[in-house]
Amino acid sequence: MRRFTDEQGREWDTTVGRESYGMQVFLFMPLDGSGVRKALMRSDTWLDGERELDGMDEEALRERLGVSVAWEDTASM
């Protein structure tokens, strides 16, 4: 799990999750509880996803957050 701050100063926890069809996703959870977001990862396995997440700097995490969708959104994935 990683914690970072977005461009508006909000703090987020980010971890690796999995969609029902097996794709790995970034899960973005705001500390203020306003709603979980997700974005697809390049990784095929959870372990590779953890490595991908660990290798990202905060700017890359902010970019992925910028293209994320609401957790409930199934049409965009």
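This is a short talk on the fold of one small protein chain, going from its overall build to its core.

Hi everyone, and thanks for coming. Before we start, please keep in mind that this is a predicted model, where local features need pLDDT of at least 70, side-chain atom pairs count only at pLDDT 80 or more, and totals for chains, interfaces and linings use all residues. Residues are numbered from 1 along each chain as its sequence is written, and side-chain values use heavy atoms, with hydrogens and water left out.

Let's begin with the overall build. The protein has 2 helices and 5 strands; these are DSSP runs numbered from the N terminus, with helices being H or I of at least four residues and strands being E of at least two. Read from the N terminus, the order of elements is β-β-β-β-α-α-β. The radius of gyration, taken over C-alpha atoms, is 12 Å, close to the 11 Å that the globule rule gives for 77 residues, so the protein is as compact as a globular protein of that length. That rule is 2.2 Å times the number of residues to the power 0.38. The C-alpha trace spans about 35 × 25 × 15 Å along its principal axes.

Now the sheet. The 5 strands form an open sheet in the order S1-S2-S3-S4-S5, with antiparallel pairing; two strands pair if DSSP finds at least two bridges between them. At the edges sit S1 (2-5) and S5 (69-70), each pairing on one side only.

How many bridges join S2 to S3? There are 7, between residues 11-18 of S2 and residues 24-30 of S3. One partner pair here is Val16 with Phe26 in S3. On the S4 side, Phe26 stands opposite Ala39, and 4 bridges join S3 to S4. The hairpin of S3 and S4 has 6 residues between the strands, and Gly33 there takes a positive phi near 75 degrees. Moving on, 2 bridges join S4 to S5, and Arg37 has Ala70 in S5 as its bridge partner.

What about the helices? For contacts, the cut-off is heavy atoms within 4.5 Å. For angles, axes are lines fitted to C-alpha atoms, for helices over the stretch in contact, and values run from 0 to 180 degrees between N-to-C directions. After the S2 and S3 pairing, look at H1 (residues 46-54), which packs on the sheet, touches S1, S2 and S3, and makes about 155 degrees with the direction of S2. H2 (residues 58-66) also packs on the sheet, touching S1, S2, S3 and S4 (37-40), and its direction makes about 80 degrees with that of S1.

So what fills the inside? Here, buried means under 20% relative accessible area, exposed over 50%, and partly exposed in between, using a 1.4 Å probe and protein chains only. The largest nonpolar core has 11 residues, including Phe4, Trp12, Val16, Phe26 and Leu61; such a core is a set of buried Ala, Val, Leu, Ile, Met, Phe, Trp, Tyr and Cys residues joined through side-chain atoms within 4.5 Å. S2, S3 and H2 are the elements that give two or more residues to this core.

Phe4 is one to click on: leaving out residues up to four places away in sequence, its contacts include Trp12, Phe28, Leu61 and Leu65.

Last stop: is Asp57, in the loop between H1 and H2, buried or partly exposed? Asp57 is partly exposed, with a relative accessible area of 47%. Asp57 and Phe4 are 53 residues apart in sequence, yet 9.2 Å apart in space, C-alpha to C-alpha.

Thanks for listening!
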